[in-house]
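The following exercises invite the reader to examine a protein model step by step. Each task is followed by a worked solution.

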Amino acid sequence: DAPTGYFSKLKAVLFSPREFFESISGDERILPAYVFLLLSLLLYGVFFGFLFALIFGTVFGFIAAFLGPALGIVGGGALLILVFVLLLIGLLFFFGSLASFIGAGMLHLFLKLFGGQGSYAKTYQVMAYASGILLPGIVISLIPFVGAVIVAIWHFAVFLIGFSIFHQISKMRAFLAWVCFAIILTVIISIPKMMFSKSVTSVSP
């Protein structure tokens, strides 16, 4: 049977992704995957905020001690940290949701080009459930030199397994679809940067 709770799903995605995706192969709903994504973003934001508090708590406390009375801040540094965490979670919810739906749509097109048989909902499910790697990824990324590589490979492996199962294609075809998606996404992101750099250069004397 398919896992139902958030943490049981998270464990399955992280350590037995093939079995997990096979267990939900007949489920075409987007909502459970979207809720999982939001919970992952929430925990990511809280955990990141906790680390931020540990590192910058003293600085916020110093700022609040001097500017708190003038700004009407009652909670001191703790209140500033709370505001930061809430703002971070709000931004993660908004941009994470937007990116997940748009990114799934773009990737779905490439999966179809390489023979994918699954629906948009199945593409979205893979992308949403793979977000669970954000949580252990925070800690693993702290390992010098290899941490980020481990997280990237782990994330990529979950993608390939999910797409190959849901779209009934080989992992190589899923890999090629992902590479095309990554190239197009890089180009789209690079265009505004190039335009901004060109405008700055033209303004400079």
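## Exercises on the fold, core and surface

From the N terminus on, the elements of this predicted model follow the order α-α-α-α-α-α-α-α.

**Exercise 1. Determine how many helices and strands the protein has, and what share of its residues counts as buried.**

Solution. Step one is to count the elements: there are eight helices and zero strands. Step two is to turn to burial: of the 205 residues of the protein, 37% count as buried. Step three concerns the outside, where the protein exposes about 11900 Å², with carbon and sulfur atoms supplying 78% of that area. Step four considers contacts with a separation of 6 or more; residues 24 or more positions apart account for 71% of these.

**Exercise 2. Describe the largest nonpolar core and identify the element that gives the most to it.**

Solution. Begin with the core itself, which has 41 residues. Those with the most contacts inside this core are Phe-20, Phe-21, Leu-107, Tyr-129, Phe-159 and Phe-163. Next, list the elements that give two or more residues to the core: helix H1 (6-15), helix H2 (17-23), helix H3 (31-71), helix H4 (76-113), H5, H6, H7 and H8. H7 gives the most, with eight residues. Finally, take Phe-163 as an example: beyond four places in sequence, Phe-163 touches Leu-107, Leu-111, Thr-123, Val-126, Met-127, Gln-168, Ile-169, Ala-174 and Trp-178.

**Exercise 3. Decide whether Gly-162 is buried or exposed, and find which residues are in contact with it, leaving aside neighbours within four places in sequence.**

Solution. First locate Gly-162, which is found in helix H7 (residues 147-166). Its relative accessible area is 0%, so Gly-162 is buried. Its contacts outside the local stretch are Phe-21 and Val-126. For Phe-21, the C-alpha distance to Gly-162 is 6.0 Å, although the two residues are 141 residues apart along the chain.

**Exercise 4. Place Ser-131 in the chain and state what its side chain reaches.**

Solution. Ser-131 lies in the loop between helix H5 (120-129) and helix H6 (134-140). Buried means under 20% relative accessible area; Ser-131 has 6% relative accessibility and therefore counts as buried. Its side chain reaches the backbone oxygen of Ala-128 at 2.4 Å. Leaving aside neighbours within four places in sequence, Ser-131 is in contact with Phe-36, Leu-37 and Ser-40.

**Exercise 5. Examine the phi values of Phe-145 and Gln-168, and explain why these values deserve attention.**

Solution. Start from the general expectation: most residues other than glycine have a negative phi. Phe-145, however, has a positive phi near 70°, and Gln-168 has a positive phi of about 55°. Then place each residue: Phe-145 is in the loop between H6 and H7, while Gln-168 is in the loop between H7 and H8. Last, check accessibility. Phe-145 is exposed because its relative accessible area is 83%, and Gln-168 counts as exposed because its relative accessibility is 62%.

**Exercise 6. Find which residues make the nonpolar surface patch of about 700 Å², and classify Leu-176 by its accessibility.**

Solution. The patch is made by Met-172, Phe-175, Leu-176, Val-179, Ile-183, Val-187, Ile-191 and Met-195. Leu-176 is found in helix H8 (residues 171-203). With 34% relative accessibility, Leu-176 therefore counts as partly exposed.

Note on methods:
Residues are numbered from 1 along each chain as its sequence is written. This is a predicted model: local features need pLDDT of at least 70, side-chain atom pairs count only at pLDDT 80 or more; totals for chains, interfaces and linings use all residues. Side-chain values use heavy atoms; hydrogens and water are left out. Patches are made of residues with over 30% relative accessible area and no salt bridge: like charges are joined within 9 Å, nonpolar side chains (Val, Leu, Ile, Met, Phe, Trp, Tyr) within 5 Å. Accessible areas come from the Shrake-Rupley method with a 1.4 Å probe; for residues, only the protein chains shown count as cover. A salt bridge is a side-chain nitrogen of Lys or Arg within 4 Å of a carboxyl oxygen of Asp or Glu. Helices (H or I, at least four residues) and strands (E, at least two) are DSSP runs, numbered from the N terminus. Buried means under 20% relative accessible area, exposed over 50%, partly exposed in between (1.4 Å probe, protein chains only). A polar contact is a pair of N or O atoms within 3.5 Å; within protein, one must be able to donate a hydrogen and the other to accept it, and residues adjacent in sequence count only if both atoms are side-chain atoms. Contact means heavy atoms within 4.5 Å. A nonpolar core is a set of buried Ala, Val, Leu, Ile, Met, Phe, Trp, Tyr and Cys residues joined through side-chain atoms within 4.5 Å.
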